[in-house]
Amino acid sequence: MRWSQSFLPTLRESPAEAEIISHQLLLRAGLIRKLAGGLYTFLPLGLRVLRKIEAIVRQEMDRAGALEVLMPCLQPPEIWQQSGRYVTAADVLYHVQDRAKKEWVLGPTHEEVITTLAAGEISSYRQLPRNFYQIQTKVRDEIRPRFGLMRAKEFIMKDAYSFDVSDEAAQVSYQKMYDAYTRIFARCGLQALPVEADTGVIGGNLSHEFMVPAATGENEIVYCESGRYAANIEKAVSQGPLIPTPKTGPGPAPEQFPTPGVQTIDHLAAPPYGVAPHCQIKTLVYIVQSQPVVVLLRGDDQLNEAKFAVALGSNQFRPATAAEVFALLNAHPGSLGAVASTLKTPLNPLYADAALRGAAGMTTGANADGFHLRHIELDRDIRVTHWVDLRTVKAGELCAVTGAPLKIRRGIEVGQVFKLGTKYSETLGARFLDETGKQRPAVMGCYGIGVTRTLQAVIEQCHDENGIIWPPSVAPFVVCITPLSVVHGSPVMTLAEKIYAELSAQGIEAILDDRQERPGVKFKDSELVGFPWRVAIGEKSLAKGEVELKRRGGELMAVKADQAVARVREAVRGGGGGLG
């Protein structure tokens, strides 16, 4: 490819809309352009990178035994109603109507479609296992599209779906996809960490996310240095709070004391009260399917809503309004509690975090504005119906696996694998006859990779102050040939054309920068776009029989002109280790 014949509109300054470095570089390097919030057009070089990532994904999916299909983006709402996700995933669904006013759904994912296909085509255990995948555009009604391709309304995703005869067989399929994902991200040049994850609205009982460590990531990863434990913060557990929960007892009966104006944990911890946060009980009220649900945590803990959703079996809940709270507990936030003697009627359900089990000597609201109760013992004074791990893990707590202190870092989710079980096969009728002639639901798994997000994650992880540093496997072009003079027939341009032709003939992707631009402009653009290697040819170096080779981010090296092609070939095919 000749630069002059391509379309590569680089920018000197970062657009105001771009908040993170990878988004800035996508725009500055001329890889994408914004159409509207969450919608982007891929320009020629951006599309080349995208196609290379897709090719790696296809190769590894095929290697793992998955079969490629292509499913409709336009889907009937009935299958979403049948699975139950018409309600549980309502916040991301786009609804459209045809000319007959019939409703359709634009697919954010394809569990319903593939399960409907399997229900019609798979009837015997002899047809299993099966794993189908596609690479297709998805659309989701993101409430706040941001960070370029990281959180867009339209994006490209690889989604795969496995069908097996048993849970044990499904675990084999799950492991194949887990291993394939490890290879995919490594081949893309990414350091991607597999971490335990919450299954969310997708469902199932086992999941891992593949996270790319990045300061700008939207997810938090909890891990220990040994590498034996890593989990999304939504799923993470520990040995418990660093400050133990008070558990001395039995003690005196609950005692009410005035706390005028106290409305927060910090207020109660300050003088004259001095009740440490870990000795307080935080009372939260949520509305679940129109019914109030009360949650108790230590005062120094935060509710992990993903864990709460798992405990409820639903992610459809919201904080209660002040009026709803008062109707239930006869007090306003700041004075709430769940002590049985203060309630009009027993609270059922009443969820309490496991860190409170056996707690004594605690303080909580008295369900009377401006008053609290002390000397509370959970087992004696509060009738908990559900003990569940509901707290968010904190850095420094001890790992439940290794006993080492946990650390927290941010990351970008680029893929996730799920063991679904029979959630979709049962509701959508994907059943088969086993060896005994008994009808059973297929055991499913699903596996997603954000292809467009992976592209941006590579940039987020592989860049410097000058621009992108593409891994050779996904670079738009591996070599940029940069003649400093482009006069036709000149020794510089003649050699540039020769090197370009020889590299191209040997299957090495090269771009010839034949623009009539100053050398500094060419060098800056080459570094901005991020080509792994650059061959610079100038009159002075050529007079000495040399050209300059430079690996992106590395040092300049003078190489004999007649050895340039061989040296570049050696470096490229050697995986990019060096040019010496």
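Biologist: In this predicted model, how many residue pairs are in polar contact across the interface of domain 1 and domain 3?

Modeller: The rule finds five such pairs, with both residues of each at pLDDT 80 or more. On the domain 1 side, the elements that give two or more residues are α1 (21-28), α2 (44-63) and α12 (451-461). Of the elements on that side, α2 gives the most, with six residues.

Biologist: How do the residues on that side of domain 1 divide into nonpolar, polar and charged?

Modeller: Eleven are nonpolar, one is polar and four are charged.

Biologist: How many salt bridges are counted between domain 1 and domain 3?

Modeller: The count is two. A salt bridge also joins the side chains of Lys52 and Glu509, at 2.3 Å from N to O.

Biologist: What area is buried between domain 1 and domain 3?

Modeller: The buried area is about 1200 Å², and carbon and sulfur atoms give 71% of it. Leu45, Arg48 and Lys52 supply 42% of the area that domain 1 buries against domain 3, more than any other three residues. In terms of contacts, 16 residues of domain 1 meet twelve residues of domain 3.

Biologist: Where do these domains lie along the chain?

Modeller: Domain 1 takes in 18-191 and 423-460, domain 2 covers 255-388, and domain 3 covers 470-574. The centres of domain 1 and domain 3, taken over C-alpha atoms, are separated by 39 Å.

Biologist: I should like to turn to the backbone. Which peptide bonds are cis?

Modeller: As a general idea, most peptide bonds are trans. Here, the bond from Leu128 to Pro129 is cis, with omega near 5 degrees. Pro129 lies in the loop between α5 (111-121) and β7 (130-139). The bond from Pro271 to Pro272 is also cis, with omega near 10 degrees, and Pro272 lies in the loop between α7 (265-269) and β14 (281-288).

Biologist: What is the phi of Asn330, and what is that of His375?

Modeller: Most residues other than glycine have a negative phi. In this model, phi of Asn330 is positive, near 60 degrees, and phi of His375 is positive as well, near 65 degrees. Asn330 is found in the loop between α9 (322-329) and β17 (350-353), whereas His375 belongs to strand β19 (residues 371-376).

Biologist: What is the relative accessible area of Asn330, and what is the value for His375?

Modeller: Asn330 has a relative accessible area of 43% and is partly exposed. His375, with 27%, is partly exposed too.

Technical notes:
Residues are numbered from 1 along each chain as its sequence is written. This is a predicted model: local features need pLDDT of at least 70, side-chain atom pairs count only at pLDDT 80 or more; totals for chains, interfaces and linings use all residues. Side-chain values use heavy atoms; hydrogens and water are left out. Domain bounds come from an automatic or database domain assignment. Contact means heavy atoms within 4.5 Å. Buried area is the accessible area (1.4 Å probe) that two parts lose on being put together, summed over both. A salt bridge is a side-chain nitrogen of Lys or Arg within 4 Å of a carboxyl oxygen of Asp or Glu. A polar contact is a pair of N or O atoms within 3.5 Å; within protein, one must be able to donate a hydrogen and the other to accept it, and residues adjacent in sequence count only if both atoms are side-chain atoms. Helices (H or I, at least four residues) and strands (E, at least two) are DSSP runs, numbered from the N terminus. Ala, Val, Leu, Ile, Met, Phe, Trp, Tyr, Cys and Pro count as nonpolar, Asp, Glu, Lys and Arg as charged, and the others, Gly among them, as polar. Buried means under 20% relative accessible area, exposed over 50%, partly exposed in between (1.4 Å probe, protein chains only).
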